[in-house]
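Grab a pencil and work through these exercises with the structure open beside you. Try each task yourself before you read its solution.

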2 protein chains.
Amino acid sequence: MAVKLNPHVSVDCVIFGFDGQSLKVLLIDRNLGLTPEKQTAPNSLKLPGSMVYDDEDVDTAAVRVLKELTGLENIYLQQLKVFGSPDRLSKKDDLDWLQKATRMTINRVVTVAYYALIKLHKAMPCEGKVIWQDTQNIPELAFDHRDIVIEGLTALRKEVQYEPLVFELLPKKFTIRQLQTLYEIIEGRKFDNRNFRKSISRWQYLQPIDEKEKNVAHKPAQFYRFDKRAYQRLKKEFFE
Amino acid sequence: MAVKLNPHVSVDCVIFGFDGQSLKVLLIDRNLGLTPEKQTAPNSLKLPGSMVYDDEDVDTAAVRVLKELTGLENIYLQQLKVFGSPDRLSKKDDLDWLQKATRMTINRVVTVAYYALIKLHKAMPCEGKVIWQDTQNIPELAFDHRDIVIEGLTALRKEVQYEPLVFELLPKKFTIRQLQTLYEIIEGRKFDNRNFRKSISRWQYLQPIDEKEKNVAHKPAQFYRFDKRAYQRLKKEFFE
C-alpha cells in the first residue's frame, strides 16, 4: 500500500476579550525572544495554535492551547470553521518559521479554527507575552490568520443575535453603558441610548444589583448581572 | 527533520432531502456490488465522502463529492463540524474496509462534515445506487456517521429559525401543508394548523401562484412559491 505525506492538522484559536472600551483579539508575536537575525521579517503576529497531537482529539487540542495560554478552563469555546486551502503556506516566511518551530517537514496544514470568549479582567499567566489587538484595526497577520479573525467576528456578530454571548465577555457586574458599547462594537452600529435601555428592560435575566460604580467623575451608574438560570428557564419555556 | 505519519483528512456529507412526507438523508451501502464473502458484516451504511486530494481545498472536496453523486451544482452546502477523535477508526471492520477502499495505510482520519440541502424531485444520476433513509429512524452506521447525521439535524433545526432553508428542500411550487409538515419534522413538534397559517401569512416572501393541486382526492390546495428577491430585500431593510 502507498504511504503518502498527508496534511498536518492544527488548531488555531481566535480569543476575544472586552476591556470596557474595545473588543480585542489575542495575538502572539513570533519574534518575541528571538535575536534580530533570527526574526521573521513581516507579519510576525499570529493566532495562538498548535499541531494536534497523535492521540489527541481535535477539540481537545483547542482546549489545551487555551488552557496553556490563559490558565483558564470552562471558557466559551466553539468550532468556527476549517481553513483547508492548499495555498495556506504559500508565503515562504511562514513555511520557514513553521518548519523551524515544529522541527517537522511540512507540506500542508489544514487548520481547525475555534473562537473563544473570555473575561479580560481575570488575571492570566500569559499577560506580557501576548498582544491584545483591537479588532477594529487588525493588521496583516501570518498565514491566513487575518481571514480567520474576520470569520470569527462574523460568527460572533451572528451568534449574539440568538445567544447571550456578550455576558461571557463582560465582567460579573457591569453597567448598561458597557453592555451597549459591546453590542455596538460587535454589531458595528450605534444604538440610540433610550431605545437600547427600553429593549433591554424586557430582558428578565438582566438584573440590577445593590451596588453602583465608585470613584467616577460622572454620576455613578448602577451595576447589573446576568442571571443565567433565569435565562435558561425562559429559553426552555419559549421552546417547549 | 522527523517525518511522522499525519492523519488523513476527509470530507463527509450529510445530504438532506424532503419527499413531501418525510425528511431523508442520503446513505451509501458499502456492500453494494460486492460478492457476499467480500462484504463488511454489520453497519454497512455510511455517509458519502472522500479523502481530500493533495492539491484540493477541503471545501472543494465536499463540492466534488456532491457533484459526483448527484450531478447537481449550486446546492446549499455548509461546513457542519470537524469530527477529530483519535478513536474514529476503532472498529476493525471500518478500518479494514477503508484501507481496502483507498488502498492506503491509514492510521487516523480527521473528517470535516458538511450538510447539504437538495430538492428531492430533481432527477439524479445516483438514483438506484443510494439509500434515502428516513431521518426519524437512523440505524447504526459505519464509523461515527450516526453522530454526524444527528449533528446535522441539530444544525438544521437551529438554522431554520433564522434562515429560510426550508425552501432549499421544497419543490419550486409547494402547498402550505408540505411547508408545515417539513417544519414539524425539523423542529420535532406539531403546530396548530390555524396558528401556522396565521404565522406564515406575515411572510411577504411567501407568494401564492395561479395554480392548484391536480388529481387529488381532497379539495385541491393552492400552490405557493418562495420569492428569494423579496426575502433578501426585507432582510436588508431589517438589518440596515
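Let's start with one distance: the centres of domain 1 of chain A and domain 2 of chain A, taken over C-alpha atoms, are 30 Å apart. A quick word on the ground rules: this is a predicted model, where local features need pLDDT of at least 70, side-chain atom pairs count only at pLDDT 80 or more, and totals for chains, interfaces and linings use all residues. Residues are numbered from 1 along each chain as its sequence is written, while chains are lettered from A and ligands numbered from 1 in the order in which they are written.

**Exercise 1. Find the two domains of chain A and describe where they touch.**

Step 1. Domain 1 covers 8-159 and domain 2 covers 172-239; such bounds come from an automatic or database domain assignment.

Step 2. Look for contacts, meaning pairs of residues whose C-beta atoms, placed from the backbone, lie within 7 Å. Seven residues of domain 1 of chain A meet six residues of domain 2 of chain A in this way.

Step 3. Sort the domain 1 side by class: three residues are nonpolar, three polar and one charged. Here Ala, Val, Leu, Ile, Met, Phe, Trp, Tyr, Cys and Pro count as nonpolar, Asp, Glu, Lys and Arg as charged, and the others, Gly among them, as polar.

**Exercise 2. Say how far you can trust chain A, and which elements score lowest and highest.**

Step 1. Use pLDDT, the predictor's confidence in each residue, from 0 to 100. Chain A averages 89, and 93% of its residues score at least 70.

Step 2. Count the elements: chain A has seven helices and nine strands. These are DSSP runs (H or I of at least four residues for helices, E of at least two for strands), numbered from the N terminus.

Step 3. Compare their means. Helix α7 (residues 228-239) of chain A comes out lowest at 84, and β5(A) highest at 97.

Step 4. For the model, the scores are ipTM 0.86 and pTM 0.89.

**Exercise 3. Work out how chains A and B are related, and what each brings to the contact.**

Step 1. Superpose the copies by least squares on the C-alpha atoms of residues with pLDDT of at least 70 in both. A rotation of 180 degrees with 0.0 Å of shift along its axis puts chain A on chain B, with RMSD 0.0 Å. That's the relation of a two-fold axis.

Step 2. Find the C-alpha of chain A nearest the axis: it belongs to A:N6, 2.8 Å away.

Step 3. Count the residues in the contact: 26 come from chain A and 27 from chain B. On the chain A side, β1 (8-18), α1 (58-70), β5 (76-83) and β6 (109-118) each supply at least two. The largest share, three residues, comes from β5(A).

Step 4. By class, the chain A side has 13 nonpolar, seven polar and six charged residues.

Step 5. Compare the two sides. Of the interface residues of chain A, 100% are also interface residues in chain B, so the copies meet through the same surface.

**Exercise 4. Is A:P7 buried or exposed, and which residues does it contact?**

Step 1. Place A:P7 in the segment before β1 of chain A.

Step 2. Count its C-beta neighbours. A residue is buried with 20 or more other C-beta atoms within 10 Å of its own, exposed with 12 or fewer, and partly exposed in between, with C-beta atoms placed from the backbone. A:P7 has 22, so it is buried.

Step 3. Leave aside neighbours within four places in sequence. A:P7 then contacts A:R108, A:V109 and A:V110, plus B:N6 and B:V9 from chain B.

Step 4. Check one pair: A:P7 and A:V110 are 103 residues apart in sequence, yet their C-alpha atoms are 6.4 Å apart.

**Exercise 5. Which two loop residues of chain A have a positive phi without being glycine?**

Step 1. One is A:R103, with phi of about 55 degrees. A:R103 sits in the loop between α2 (92-102) and β6 of chain A, and counts as exposed because it has 8 C-beta neighbours inside 10 Å.

Step 2. Another is A:N215, with phi near 55 degrees. A:N215 lies in the loop between β8 (206-212) and β9 (222-226) of chain A; with 5 C-beta neighbours inside 10 Å, A:N215 is exposed too.
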